[in-house]
There are 2 protein chains.
Amino acid sequence: MLYLIGLGLGDATDITVKGLQAVKSCSRVYLEAYTSILTVGKEALEEYYGKQLILADRNLVEQGADEILKDADVTDVGFLVVGDPFGATTHSDLVLRAVNAGIPYKVIHNASIMNAVGCCGLQLYNFGETVSVVFWTETWRPESFYDKICKNRAAGLHTLCLLDIKVKEQSIENMMRGKKIYEPPRFMTVSQAADQLIQIIQRRREEGGELGVTEDTVCVGLARLGADDQVIRTGMLHQLVSYDLGGPLHSLVVTARLHPLEVDMLRVNAEPDALQHLRMIDSSTYTS
Amino acid sequence: MLYLIGLGLGDATDITVKGLQAVKSCSRVYLEAYTSILTVGKEALEEYYGKQLILADRNLVEQGADEILKDADVTDVGFLVVGDPFGATTHSDLVLRAVNAGIPYKVIHNASIMNAVGCCGLQLYNFGETVSVVFWTETWRPESFYDKICKNRAAGLHTLCLLDIKVKEQSIENMMRGKKIYEPPRFMTVSQAADQLIQIIQRRREEGGELGVTEDTVCVGLARLGADDQVIRTGMLHQLVSYDLGGPLHSLVVTARLHPLEVDMLRVNAEPDALQHLRMIDSSTYTS
């Protein structure tokens, strides 16, 4: 049996009881380590489970699936994923390989940012399409996420922005030279994401385009959701640029039309300036 | 401390280790029993936790919040919610009351249908706004969910449809007579939801309107997600009407443009007829 086990968000104790039982029953357990991270590392999990974990980087999951699935028809193999196992496309591929090899699989679900984001006080059924914000490079500055956010807002829907994670990436130079030297991991902060959004806004304003999101749009910065030191801070987009929410992972929510109850909930974690702004919001007319 | 603890989906062992520890530390534990249910009842949870639970119906949560929050500043009170604590609006209200009363609160997240739906093979970031499908009555037959599904589809986004739950509801007659007699609980099935959708489609076709969803649209029926006897079945909407997916809870997904990997995943649980239909799908041209 292949067990795909969600670890939830936070620390080692955020695994479900069912998930922990499955981990203990497995003869081999992989820890997926490139689409998300917990606030605790592999060692803390190993100590908590009383079990060695095998780190599974993108290369192993995408190229070495046979290795992961080896003997899973006769023994139990665990595949641990931070959040819920189906947050990342690449795990559908692993499941399909198992199915095609006649290996039964079982999913043990857990919280992920996709549903836990509700704790900021915005209603989950008021969210539109989720977007990913990627690190810009000098030559690659995609803006499609901005258009999706604007589309959601025009429909009165909030947008959850998943922020880029770069783990075990090679520089172009090292890749071309075939050197297996990896860059240090990078996790986009709320501040960086807000900064990229503002650059898009400024560029489009210069072009005279319509702006579906501005520097004054109310946004929510989230850091380490589910951990003891989680941070939720509500402010206007331009305020978020100067926020330091601490270590990874961060996520950003761009709000749209707000229900009065949502406004009340946002106020719980709002900065003084944003608080004043939220006080002025008449949910029926709120557009900026 | 007020602990809002998600129970996840499935059975008693789907609680997180952190959640279970919190339950055990609480002097009073409520079980929210009207926005969702597990496949096991209150007694099974009580036996598993070694703790009495107080059933919290809508009336208690919305009118008796003071009772729930009593002494929560000096003792630990638990509030258990199937899925994640922030799936239902009404729990924001409880949190706000705690905040206003100076009572600290902590959320212990878990899986909910909002993220666990990913296990059917559709990518979570390809979902649009979530909709609720309510039981029609003779005089009240809202169709707004159909329009939202069509809007999502037009944008290439799948729609998760949450199906109606009626727990501890009074008939209009009993309500008017002030009799506290409650109707038996009702949970909308995938078959019932598909039937209501098809009635809307037929009515609109007669009116000559454009149809964003038809009887041949590929849909996914989900039942008891996360439980050992969970069922996932993919078929065309008209096929789902005759599917019996067993006991509650059910959910329905209306698909939109499909990625080839999503098609492959859907095939794993597809009916023969639907399978043939899925084989014909060219994801780039798929519209029905």
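# Notebook: two chains and where they meet

I started at Leu249(A), which sits in the loop of chain A between α10 (237-240) and β12 (250-254). The model is a predicted one, and I kept that in mind throughout. I chose this spot for its backbone: the peptide bond running from Pro248(A) to Leu249(A) is cis, with omega near -5°.

Next I turned to chain B. There, Pro248(B) and Leu249(B) are joined by a cis peptide bond, with omega about -5°. Leu249(B) is placed in the loop between α10 (237-240) and β12 (250-254) of chain B.

While on the backbone of chain A, I also looked up Asp71(A). Its phi is positive, about 65°, although Asp71(A) is not a glycine. I found Asp71(A) in the loop that runs between α4 (65-69) and β4 (77-81) of chain A.

**How the copies are related**

What rotation superposes chain B on chain A? I noted a turn of 180° with 0.0 Å of shift along its axis, and the RMSD is 0.0 Å. The two copies are therefore related as by a two-fold rotation axis.

**The interface**

I then asked how many residues of chain B are in contact with chain A. The count is 45 residues of chain B, against 45 residues of chain A. Of the interface residues of chain B, 100% are also interface residues in chain A, so the copies meet through the same surface.

A reminder to myself: interface size is often quoted as the accessible area that is lost when the parts come together. Here chain B and chain A bury about 4200 Å² between them, and 59% of that is on carbon and sulfur atoms.

For polar links across the interface, I wrote down 19 residue pairs in polar contact, both at pLDDT 80 or more. Which helices of chain B supply at least two residues each to the side that touches chain A? They are α1 (17-25), α5 (90-100), α6 (113-116) and α11 (260-268). α5(B) gives the most to that side, with five residues. Sorted by class, the side of chain B that touches chain A has 21 nonpolar, 14 polar and 10 charged residues.

**Salt bridges**

Another reminder: side chains of opposite charge can pair when their charged atoms come close. Between chain B and chain A, I have six salt bridges on my list. For one pair across the chains, Lys18(A) and Asp11(B) form a salt bridge whose closest N and O atoms are 3.5 Å apart.

A search of the whole structure gave me 36 salt bridges over all chains. Within chain A, I picked Lys148(A), which forms a salt bridge with Glu129(A); their closest N and O atoms are 3.3 Å apart. This pair links distant parts of the chain, 19 residues apart. Lys148(A) is in helix α7 (residues 144-154), while Glu129(A) is in the loop between α6 (113-116) and β6 (131-133) of chain A.

**A lysine in chain B**

I finished the residue look-ups with Lys51(B), in the loop between α2 (42-49) and β3 (54-56) of chain B. Leaving out residues up to four places away in sequence, Lys51(B) touches Val23(B), Lys24(B), Ser25(B), Cys26(B), Val29(B) and Glu46(B). Lys51(B) and Val23(B) are 28 residues apart in sequence, yet 8.3 Å apart in space, C-alpha to C-alpha. What lies 2.7 Å from a polar atom of the side chain of Lys51(B)? I found the backbone oxygen of Cys26(B) there.

**What the record says**

Last, I checked the annotation. The unreviewed UniProt entry places the feature "domain: Tetrapyrrole methylase" at residues 1-178 of chain A. In the model, that span is 33% helix and 18% strand, and its end C-alpha atoms lie 37 Å apart.

How values were computed
Residues numbered from 1 in each chain as written. Chains lettered and ligands numbered in written order. Predicted model: local features only at pLDDT ≥ 70, side-chain atom pairs only at ≥ 80, totals over all residues. Heavy atoms only, no water. Contact = heavy atoms within 4.5 Å. Buried area = accessible area lost by both parts, 1.4 Å probe. Salt bridge = Lys/Arg side-chain N within 4 Å of Asp/Glu carboxyl O. Polar contact = N/O pair within 3.5 Å; in protein donor to acceptor, adjacent residues only side chain to side chain. Helix = DSSP H or I, 4+ residues; strand = E, 2+ residues; numbered from the N terminus. Nonpolar A, V, L, I, M, F, W, Y, C, P; charged D, E, K, R; others polar. Least-squares fit on C-alpha atoms with pLDDT ≥ 70 in both. UniProt positions renumbered as here; feature names shortened; annotations may be inferred.
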